[in-house]
Amino acid sequence: MSRDIADSSRRRILATAALAPLLPALGALGGCASAPLSPIQAKETTDPAALALFNDCAAAHGLNAWRRVKDLNVGYRGEWGVLANRVQPERTDIRFRSNLQERLLPAEGLIAQAHTGPAGQKQVLRRLGQGVTTGSVEVWYNGRPTTDEPLRQTSAMVADTQRLCLLGPLALVDRPQVMKLAGLEQVGDHACERLMVRMVPGLGLSPVEQLVLCIDRRTRLMRRVRFTMDGAAVTRGAMVEVDVSEFQNFQGIEWPTRFEERMRRPVPRLPMHDWQLTGLDLNRGWSAADIGGTQFAGLAQGAARPLPGSPTLTG
């Protein structure tokens, strides 16, 4: 067993032991979770009404403008919940995940992330899967590649879920999926329709994903997304939801700038991660070669620019 894998296994054992006495109390504080929706089966087909809702949602988020995006440059900063690292230490990876610069090439299905934290820099290169394949991921810590499989799996899942939360329905366009309506849900002050989605491949290295999008009945914007976390062995069986808010229209696309993540299971309503957009710009003109190594190169370098007219976004 490699040292990386041994260290990861030790972290999981310690985290589980530390959290175990707290689970009953956390469950009581979180209240009873609502009964889960029945997952969509592979043999099912898309409900036309569900497809119409999805198309309305994609249009509201700016699908026509999204089709013109060649490269996407994003900056984030965030804070982890007090107990998040005890529940999912590989995913939180808090020594390296405080601030994030992300680069995406939509047409090529590439996501590159430069995380920074108190222990240094973590670089991730994620290639999305095509058809039924789950794609690939490469991860470097302070310039050195890791062979720690749990960290690699969770890194792929983080890249995919970050993309999903930012883009909402735009992240699902042109991907194989089955959809159906699933009733109503309130998200803050917003009355929403629930849209269930079975996506192939799933998030991270999962072959299939079950999603719920909560779509505003008035604006048709996605206000919440709920997803399973089966793309990594260490988070399999877990489910989280993310509320997205404070939308800004930039170059014809509606971008959420605030994100609040909570766990749904195994610990209901446990605060996991709050983060915000610190910058965003489009179409710099860089290529895949500029994001394929241990640091960004060429036009992919440099922090994403703050959104215009956004006083909370400082760089």
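**Exercise 1.** Find which strand gives the most residues to the lining of the largest cavity, and how many it gives.

*Solution.* Strand S1 gives the most to that lining, with four residues, where strands are DSSP runs (E) of at least two residues, numbered from the N terminus. The model is predicted, so local features need pLDDT of at least 70 and side-chain atom pairs count only at pLDDT 80 or more, while totals for chains, interfaces and linings use all residues. Residues are numbered from 1 along each chain as its sequence is written, and side-chain values use heavy atoms, with hydrogens and water left out. Next, strands S1 (72-80), S2 (99-105) and S15 (270-282) each supply at least two residues of the lining. The lining includes Tyr76, Arg77, Gly78 and Trp80, and the cavity itself has a volume of about 100 Å³. A cavity here is a set of points on a 1 Å grid over the protein atoms alone where a 1.4 Å probe fits but cannot get out, and lining residues have an atom within 4 Å of a point; the volume is the space filled by probe spheres set on the points, which are joined across faces, edges and corners.

**Exercise 2.** Decide whether Gln123 is buried or exposed, and describe its surroundings.

*Solution.* Begin with its place, which is strand S4 (residues 120-127). Gln123 is buried, with a relative accessible area of 2%, since buried means under 20% and exposed over 50%, with partly exposed in between (1.4 Å probe, protein chains only). Leaving aside residues up to four places away in sequence, Gln123 touches nine residues' worth of neighbours listed as Gln113, Ala114, Glu138, Val139, Trp140, Gly293, Thr294, Gln295 and Phe296, a contact being heavy atoms within 4.5 Å. Finally, the C-alpha atoms of Gln123 and Gln295 are separated by 6.9 Å, although these residues are 172 apart along the chain.

How values were computed:
1 Å grid on protein atoms, 1.4 Å probe; cavity = no way out; pocket = protein on both sides within 12 Å on 5 of 7 lines; lining within 4 Å.
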